[in-house]
Amino acid sequence: AVVSTQSTGGVNLVDHVLLEHQLDELCQFDKFVGVRHILDMEEEHDWVIGEAVVEGLKLVAARGKTFDFLARPHHLPHVATLARAVPDLRIVIDHIAKPLLSKSLTVCSDWKRDMLAAASCPNVYCKISGLVTEVDPESHTTSWTPQTFQDHVNVVLKGFGVDRCMIGSDWPVLRLTGADYKMVNELHKSLISELTKEDQAKITGGNAIKFYGLKK
């Protein structure tokens, strides 16, 4: 998928001739900032580090565009591999890789290990988003509070630091839970409320501007 400030489209990361053409066309538009792939759509968990995909993402990086890594916990080990294979590619892990909050609020040691390994790569960021949909993904009836997510968010904040974390609304998907934009925005503010105002400003906007190369 295409990541833009207005709309989405599609690119083919493995057909490089087609990809070059698609990127050349898209780069004519200021609102085109990067690409995203839903890794759950692929049968192979290691699809994203396949040779063809890596070469395709090198073409994305060469144009100064970004990659949103939309993944589940079992994909996380591949983030660091990809980041090192394409060091010029700015990568952001969407939805903190969707930890299995429906099974346990305790931080999974594997998720934490893999998240911190990803954080060790300076070209990887993490998006604090998509939290409320993971508490009860089947029926969305289980209640939640900021404390439901705080331990996981603390791992992300400690690992990536305030300069490589950003907030994402997950709108309109969040509406599946009965929540709205304002509720989730207040949740995010609560989760980073212990930080300085300067650091909060980075996470709620400044880092996204830097990562995606947005115009203020």
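This is a short talk on one predicted model, going from the strands to the cores, then to a cavity and a few single residues.

I'll start with the strands in the middle of the chain. Strand β3 covers residues 66-70 and strand β4 covers residues 90-93, and the two pair in the parallel sense over 4 bridges. If you want a residue to click on, take Phe 67, whose bridge partner in β4 is Ile 91. Between these strands the chain passes through helix α3, residues 77-85, and this β-α-β crossover is right-handed.

On to the next pair. β4 also pairs with strand β5, residues 124-128, again in the parallel sense, and here there are 3 bridges. Ile 91 turns up once more, with Val 124 as its bridge partner in β5. The connection from β4 to β5 runs through helix α4, residues 109-119, and that β-α-β crossover is right-handed too.

Stay with helix α3 for a moment. Which of its residues are buried? They are His 78, Val 79, Ala 80, Leu 82 and Ala 83. An α-helix has 3.6 residues a turn, so residues three or four places apart point the same way. The cover over the buried residues of α3 includes α2, β3, β4, α4 and β5.

Now the nonpolar cores. In soluble globular proteins, nonpolar side chains tend to be buried together. The largest core in this model has 56 residues, and Ile 93, Met 115 and Phe 160 have the most contacts inside it. What does Met 115 touch, leaving aside neighbours within four places in sequence? Its contacts are Leu 76, Ile 93, Ile 96, Ala 97, Cys 126, Val 156 and Phe 160. There is also a second, separate core of 7 residues, and Val 33, Tyr 125, Ala 208 and Phe 211 are among them.

Next, empty space inside the protein. How many cavities of 30 Å³ or more are there? The count is 1, and its volume is about 40 Å³. The residues lining this cavity are Ser 129, Gly 130, Leu 131, Val 132, Thr 133, Ser 169, Asp 170, Leu 174, Val 184, Leu 187 and His 188.

The rest of the talk is about loop residues, beginning with Arg 164. Arg 164 sits in the loop between α5, residues 146-160, and β6, residues 165-167. Is Arg 164 buried or exposed? It counts as buried, because its relative accessible area is 15% and the cut-off is under 20%. Not counting residues up to four places away in sequence, Arg 164 touches Ala 119, Cys 121, Pro 122, Val 124, Tyr 125, Cys 126, Gly 159 and Asn 207. Tyr 125 in that list is also one of the residues of the second core. For distance, Arg 164 and Val 86 are 78 residues apart in sequence and 18 Å apart in space, C-alpha to C-alpha.

Two points on backbone geometry. The peptide bond joining Trp 171 and Pro 172 is cis, with omega about 5 degrees, and Pro 172 lies in the loop between β6 and α6, residues 181-191.

The other point concerns positive phi in residues that are not glycine. His 95, in the loop between β4 and α4, has a phi of about 55 degrees. His 140, in the loop between β5 and α5, has a positive phi near 55 degrees. His 95 is buried, at 8% relative accessible area, while His 140 is partly exposed, at 22%.

Last, two loop residues from earlier in the chain. Glu 43 lies in the loop between β2, residues 32-38, and α2, residues 51-62. With a relative accessible area of 79%, Glu 43 is exposed. Glu 43 and Leu 59 are 16 residues apart in sequence, and their C-alpha atoms are 24 Å apart.

Val 14 is in the loop between β1, residues 2-4, and α1, residues 16-26. Its relative accessibility is 41%, so it counts as partly exposed. Leaving out residues up to four places away in sequence, Val 14 touches Trp 47, Ala 52 and Val 53. From Val 14 to His 74 is 60 residues along the chain, and the C-alpha atoms are separated by 22 Å.

Definitions and conventions: Residues numbered from 1 in each chain as written. Predicted model: local features only at pLDDT ≥ 70, side-chain atom pairs only at ≥ 80, totals over all residues. Heavy atoms only, no water. Core = buried A, V, L, I, M, F, W, Y, C linked by side-chain atoms within 4.5 Å. Buried < 20%, exposed > 50% of the residue type's maximum accessible area, 1.4 Å probe, protein only. Contact = heavy atoms within 4.5 Å. Pairing = 2+ DSSP bridges. Right-handed = clockwise from strand over helix to strand, strands pointing away. 1 Å grid on protein atoms, 1.4 Å probe; cavity = no way out; pocket = protein on both sides within 12 Å on 5 of 7 lines; lining within 4 Å. Points joined across faces, edges and corners; volume = space filled by probe spheres on them.
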